[in-house]
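This report considers a protein structure from the standpoint of its open and enclosed spaces and its strand pairing. Please keep the sequence and the coordinates at hand while reading.

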Amino acid sequence: MKPRMSHVFVIGLALIISLTLTAGAQYQESPVLAERVAAGELPPVEERLPDNPFVVGPGVLIVEEDLDWEVGRYGGTLRVASKVANWQPDIFIGANEPLIMAPGIGLEGMRGNIAEDFQVSEDNRVFTFTLRKGLKWSDGVPVTTEDVLFAWDDVMSNTEITPMFPVKYRSGGSATAEPMQLEIIDDYTFSITSEVPYGGFLRGITVAGWVGYTEILKPKHHLMQFHADYTALEDMADALAEEELEADEWGRLFSAKDSLNWHLTRPQAIGFPSLYPWIRVEGPGGMMVFERNPYYFRVDIEGNQLPYIDRIESYDVSDTEAEVMRVITGEIDLLREGTSLSSMPLYAENAERAGIRVEVLDMHVDSTALFFNLTYDDPVWREVVGDRRFRLAVSHAIDRDEIIDTVYYGFAALPELHPSEYDPDRANALLDEMGLDQRSAEGWRLGPDGNPVHVVIET
């Protein structure tokens with residue numbers, strides 16, 4: 001099923017097109033950054049942006065039918081909330097940056113992002129990427145292929161940090177294959193080569209699993225202080241002691257200090273050089289605080305350095321009900337993952353008073369998917385669930401229409417690519433066909449070993 005969820009406000013991804021600055025446009029910046037430039041704390045905006053920034057305008061990043069695009073105004077604080085400590089999914093989605101990007105979950109429409117450009121050989125073996133010249137980490141240090149080489153050779157290929165080289169970066173995406181080959185071409189260009197055609201590689205580093213740039217691009221200048229190949233263990237003594245680690249556990253120290261994209265809302269992201277529009281800073285208890293990145297690489301078509309919003313504050317709340325109360329009292333400006341369809345009447349009733357807008361949009365995942373563990377260490381179980389007819393029978397035994405009506409209040413649709421109609425007769429026929437035609441005295445079907453078949457569901 002494709003459930004639909006209520007959103008107080010939504011920023012989505014639409015058709016991606018290439019844009020350039022409006023003729024005569026000059027680079028501009030937030031007044032809070034202009035003050036820092038005037039005080040000598042930051043270089044001018046022209047020196048903070050890459051030579052060719054990512055230009056955002058109509059049809060780029062914003063779902064046009066849900067939000068009319070226009071040049072924004074600088075300033076303000078966006079208030080959000082989360083019931084999970086040090087995790088804020090709406091900030092994560094709004095800030096996460098892949099190396100290259102796509103408008104959907106497939107390969108169509110891919111374009112540069114952090115990497116300005118990319119090329120793929122005709123045989124789908126060689127993938128070449130060009131970083132944006134002049135791109136800088138949030139602390140102002142230039143981003144170059146040295147950061148790629150560090151991530152590949154010193155992190156992914158170092159067993160103290162990464163015990164097994166990631167399957168994603170092995171030839172053909174095979175767990176038994178050798179790692180792909182990295183070649184540094186110049187300060188901004190590198191290639192990754194697979195021994196065999198690897199058509200899924202770009203998707204794997206772009207859209208699969210909310211992947212970000214942090215696997216393949218790491219701030220070497222910062223992380224080398226926690227890496228034994230660059231820093232003597234005695235010089236890491238204080239950092240090791242702080243993490244309660246021994247000298248031979250420096251690899252664990254490195255992992256604790258590294259900040260992957262999934263960590264961008266965690267305390268370890270504070271002070272960590274990044275490429276996100278907002279970066280986490282120290283905040284008061286009970287609140288996560290994020291401030292704009294002065295070196296963010298995107299501008300709008302008028303040359304305004306993005307983002308428009310200066311600051312994000314995320315309140316720690318105890319549960320969904322607490323989030324709902326902050327919404328209807330006007331204390332939250334955006335809520336997505338913490339919303340609830342059962343709270344839609346409350347949202348609608350208080351929308352005008354709270355100054356909120358409620359949207360019901362397609363959910364990007366199926367929150368009711370059922371997955372069978374096909375490798376559980378039980379030969380009878382494997383024989384049963386490994387038979388496609390069993391899985392089809394289970395699908396036909398689920399009354400999705402009832403679930404749509406009772407759980408999702410009608411805001412869902414049936415699957416389009418797989419058999420989904422409720423058909424108990426067909427389900428029973430499939431089970432009989434595969435040999436599960438014997439039953440216990442209580443009426444339960446018996447497996448090949450003569451015992452009832454149990455399916456334990458964990459959620």
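## Second largest pocket

In this predicted model, the lining of the second largest pocket draws at least two residues from each of two helices, helix 12 (388-396) and helix 14 (424-433). Helix 14 provides the largest share of that lining, with four residues.

The volume of the second largest pocket is about 450 Å³. Its lining comprises 18 residues, and those closest to the centre are Phe 390, Leu 431, Trp 444, Arg 445 and Val 453. Sorted by class, the lining consists of 13 nonpolar, three polar and two charged residues.

## Cavities

How many cavities of 30 Å³ or more does a search of the whole structure find? The search returns four. The largest cavity holds about 50 Å³ of space.

The lining of the largest cavity is formed by Leu 99, Tyr 169, Ile 192, Phe 201, Ile 205, Val 211, Gly 212, Glu 215 and Ile 216. By class, seven of these lining residues are nonpolar, one is polar and one is charged. Gly 212 belongs to this lining and is counted as polar under the classification used.

## Four-stranded sheet

Four strands form an open sheet in the order 3-13-11-10, and their pairing is mixed. Strand 3 (77-82) and strand 10 (278-281) occupy the edges; each has a single partner strand, so one side of each lacks a neighbour in the sheet. On average, and with direction ignored, neighbouring strands of this sheet are turned by 25° against each other.

Within the sheet, strand 11 (residues 287-292) pairs with strand 13 (residues 311-316) in the antiparallel sense, over five bridges. Glu 291 has Arg 311 of strand 13 as its bridge partner. In general, the side chains of a regular strand alternate between the two faces of the sheet.

## Hairpin of strands 6 and 7

Antiparallel pairing over five bridges also links strand 6 (residues 115-120) to strand 7 (residues 126-131). Ala 115 is matched with Leu 131 of strand 7 as its bridge partner.

Which residue of this hairpin takes a positive phi? The residue is Asn 124, with a phi near 55°, in the hairpin that has five residues between its two strands.

Notes: Residues numbered from 1 in each chain as written. Predicted model: local features only at pLDDT ≥ 70, side-chain atom pairs only at ≥ 80, totals over all residues. Heavy atoms only, no water. 1 Å grid on protein atoms, 1.4 Å probe; cavity = no way out; pocket = protein on both sides within 12 Å on 5 of 7 lines; lining within 4 Å. Points joined across faces, edges and corners; volume = space filled by probe spheres on them. Pairing = 2+ DSSP bridges. Axes fitted to C-alpha atoms, helices over the stretch in contact; angles between N-to-C directions.
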